[in-house]
Amino acid sequence: MQPASPPLAPEVSLPLTTPVAELEQPVPTPVAEVEQPVPTPVAEVEQPVPTPVAEVEQPVPTPVAKVEQPVPVAEIELPKPMPMPVIVPLARPETVPAKKATRTPLLRNLLAEVVQARQAEEQAAAAEALANARPPKCKAHVVAVVSSKGGVGKTTLSAALAGCLRLGGGQTLSLDLDPQNALYYHLGVESGSIGIGNAAHCETTWKAALQAGFSGAKVLPYGALSDEERRTLEHRMSDDQHWLAWQLDAMGLCEQDVVILDTPTGRNLYLQQALDVADEVIVVTTADAASFITLDQMDHWLNAEGARPGFSTCHYVVNQFDASHELSRDMLEVFKRRLGKKLMAVIARDKTFDESLAYGRDPLADPQISLACQDVQVLAQQIKSRFANVRASGLHA
Ligand SMILES: Nc1ncnc2c1ncn2[C@@H]1O[C@H](COP(=O)(O)OP(=O)(O)O)[C@@H](O)[C@H]1O
Ligand SMILES: [Mg+2]
């Protein structure tokens, strides 16, 4: 026998066939889908996507154009940082004036530029012409005493020549172009403080600053210059190659006057100025090896293009010649062969110059007792005859 089955509950009291568990679970329904905030085109509107407004503000085509393309919904939902291409066009307004700058300049501006350039050229040409302008040839005879080696006797001979080289009716001026400022002392002048370098500063002219020296010579010292005054003087010389010519011109010298220029050793501004005005260049040398090796250099300086005017002539003087020494005699022979007719005179070595300088005496006061002073007088005669020859040939004019 089968056990009896438990009595079934009346069907009416049973709940619906649907399992209770299923009913309690909120089954996704279409309703639930509706409640979900499904991205819609509305989201596109809410997003501050770059809009055509940005394009309006930035007239130049920019990456903003990409925004015009349909944007996928997925991209919008992502919290991406806003692309910033709009920043780039902010610099654009600066490029606008650049377009204005390239505009063709006005005709009047172009003309003004041309006129300005022409005037600048004319001014430069006038300044150059002024710098190169030189006064007429000095009426006086000008002798420049030069050398490439120091201590040969330039100043000694300049002073001695000033005392004995004189033309009838004229005066002989001795100008010191050497910053050593020793010439005035050789000529027995007390003070050399005012001279060529500072006469203007002292409100005087070269002519007024001349002082009376031995044997009727007139001397204009170099002057006791400060460093600043010397720099100023040398600037003037370097700015104007005819500076000395202008100074002599202002002195109003006449044809019977003689100017003797003592110069510093070597090639320098003073030498250049002296060569520029000299009728006669006297190169002082000594009959020794040290002087001999400088002869080529001196030739080079004297014959450089534009170094001296065409009318000038150059001669050599061997000074301090000691006939008692065989080497000196042989060296003089070498100099004679080297210089030929350019060797104008030989001056003996003589203690008279040193003694006269030491005691403040005129070495030419008694030429008979000094061999060297007699030699200097011979030299002065030779230079005078050259003046006469040059004048007769009309070269001096
Ligand atoms: N003929 C000469 N005999 C003896 N001594 C001389 C002679 N000529 C110049 N001296 C001396 O030579 C030295 C240099 O002379 P200086 O005229 O000052 O030379 P530089 O001007 O060429 O430098 C001086 O002591 C001077 O007395
Ligand atoms: Mg000297």
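**Packing of helix H8 and strand E6**

Helices H8 and H18 are roughly perpendicular to each other. Their axes come within 10 Å and cross at roughly 65°, and angles of 65 to 115 degrees count as roughly perpendicular. The sense of the crossing, as H8 passes H18, is right-handed. H8 spans residues 154-164 and H18 spans residues 371-393. The model is predicted.

Four residues of H8 are named in the contact: Leu157, Ala160, Leu161 and Cys164. On H18, the contact is made by Cys373, Val376, Gln377 and Ala380. In an α-helix, residues three or four places apart point the same way, because there are 3.6 residues a turn. By class, the contact residues divide into 7 nonpolar and 1 polar. None is charged.

The burial of H8 extends beyond the residues that touch H18. The helix is mostly covered, with 11 of its 11 residues buried. Among them are the contact residues Leu157, Ala160, Leu161 and Cys164. The buried set also includes Lys154, Thr155, Thr156 and Ser158. Ala159, Ala162 and Gly163 are buried as well.

Strand E6 covers residues 280-286 and is likewise mostly covered. Here, 7 of its 7 residues are buried. Side chains leave the strand in two directions. Glu280, Ile282, Val284 and Thr286 point one way. Val281, Val283 and Thr285 point the other way. Residues of both sets are buried.

E6 pairs with E1 and with E7. Strand E1, residues 141-146, pairs with E6 in the parallel sense over 4 bridges. Within this pairing, Ala144 has Val281 of E6 as its bridge partner. Strand E7, residues 313-321, also runs parallel to E6, and 7 bridges join the two. One of the bridge partners is Asn319 in E7, which is paired with Thr286. Val281 and Thr286, which take part in these bridges, point opposite ways from E6.

These elements belong to a chain with 18 helices and 8 strands. Over the 397 residues of the chain, buried residues make up 30%. Contacts between residues at least 6 apart in sequence were also examined for separation along the chain. Of these, 77% join residues at least 24 apart.

Note on methods:
Residues are numbered from 1 along each chain as its sequence is written. Chains are lettered from A and ligands numbered from 1 in the order in which they are written. This is a predicted model: local features need pLDDT of at least 70, side-chain atom pairs count only at pLDDT 80 or more; totals for chains, interfaces and linings use all residues. Axes are lines fitted to C-alpha atoms, for helices over the stretch in contact, and angles run from 0 to 180 degrees between N-to-C directions. Angles under 35 degrees count as roughly parallel, over 145 as roughly antiparallel, 65 to 115 as roughly perpendicular and the rest as oblique. A crossing is left-handed if the near helix is turned anticlockwise from the far one by less than a right angle, and right-handed if clockwise. Two residues are in contact if their C-beta atoms, placed from the backbone, lie within 7 Å. Ala, Val, Leu, Ile, Met, Phe, Trp, Tyr, Cys and Pro count as nonpolar, Asp, Glu, Lys and Arg as charged, and the others, Gly among them, as polar. A residue is buried if 20 or more other C-beta atoms lie within 10 Å of its own, exposed if 12 or fewer, and partly exposed in between; C-beta atoms are placed from the backbone. Two strands pair if DSSP finds at least two bridges between them.
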